[in-house]
Amino acid sequence: MPKNKNIEPNHVKIDGEQISELPKLSSPARRALANAGYLRLEQFSKLTEAEILKLHGMGPNALEQIRQALAAKGQSFADGS
């Protein structure tokens, strides 16, 4: 079965240190998350979908990609989403 490229982690390195395991997202969505300090997938298990959608640059497609990446790791958004 082919992997969904949208949920494969997008590892970012700064000074050789990995800081992100987010799925491949659009540039506006990546910037919105980075500006809000969300760089690791596990951070989203403490947030609701509504909280993420409030960020300028986040939309339903990016949210779905994050949801799928969380599910692939057996995680989900916090209750209330």
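# Contacts, charges and rings

User: Leaving aside its neighbours within four places in sequence, which residues is K46 in contact with?
Analyst: Contact here means heavy atoms within 4.5 Å. With neighbours within four places in sequence set aside, the partners of K46 are E51 and A78.

User: Good start! What kind of model is this?
Analyst: Residues are numbered from 1 along each chain as its sequence is written, and side-chain values use heavy atoms, with hydrogens and water left out. Local features need pLDDT of at least 70, side-chain atom pairs count only at pLDDT 80 or more, and totals for chains, interfaces and linings use all residues, since this is a predicted model.

User: In what order do the elements of the protein chain run from the N terminus on?
Analyst: Helices (H or I, at least four residues) and strands (E, at least two) are DSSP runs, numbered from the N terminus. The protein chain has three helices and two strands. Read from the N terminus on, their order is β-β-α-α-α.

User: How much of the protein chain counts as buried?
Analyst: Let's set the scale: buried means under 20% relative accessible area, exposed over 50%, and partly exposed in between (1.4 Å probe, protein chains only). Among the 81 residues of the protein chain, the buried share is 31%.

User: Back to K46: is it buried or exposed?
Analyst: K46 sits in the loop between α1 (27–35) and α2 (49–53). Its relative accessibility is 69%, so K46 counts as exposed.

User: How far apart are the C-alpha atoms of K46 and A78?
Analyst: Along the chain, K46 and A78 are 32 residues apart. In space, the separation of their C-alpha atoms is 5.2 Å.

User: Now for charges. How many salt bridges does a search of the whole structure find?
Analyst: Side chains of opposite charge can pair when their charged atoms come close. A salt bridge is counted when a side-chain nitrogen of Lys or Arg lies within 4 Å of a carboxyl oxygen of Asp or Glu. Searching the whole structure gives a count of two.

User: Which residue meets E49 in a salt bridge?
Analyst: E49 is buried at 16% relative accessible area, and its partner is partly exposed at 30%. The N to O distance of this bridge is 2.9 Å, and the partner of E49 is R67. The pair links distant parts of the chain, 18 residues apart, with E49 in helix α2 and, in helix α3 (residues 60–72), R67.

User: Which residues are joined into one network by salt bridges that share partners?
Analyst: E64 also forms a salt bridge with R67, with the closest N and O atoms 2.0 Å apart. E64 and R67 are separated by about one helical turn because they are three residues apart in helix α3. Through shared partners, the network joins E49, E64 and R67.

User: And the rings? Which residues form one aromatic cluster?
Analyst: Rings of Phe, Tyr and Trp (its six-membered ring) pair if their centres lie within 6.5 Å; planes under 30 degrees apart count as stacked, over 60 as edge-to-face and the rest as tilted. The count comes to two aromatic pairs. Y38 and F44 have ring centres 5.9 Å apart and planes at 50 degrees, so they are tilted, while F44 and F77 are edge-to-face at 6.3 Å and 75 degrees. The cluster is made up of Y38, F44 and F77.

User: What is the relative accessible area of F44?
Analyst: F44 lies in the loop between α1 and α2 and F77 in the segment after α3, so their pair ties together parts that are 33 residues apart in sequence. F77 is buried, with a relative accessible area of 6%. F44 is buried too, and its value is 0%.
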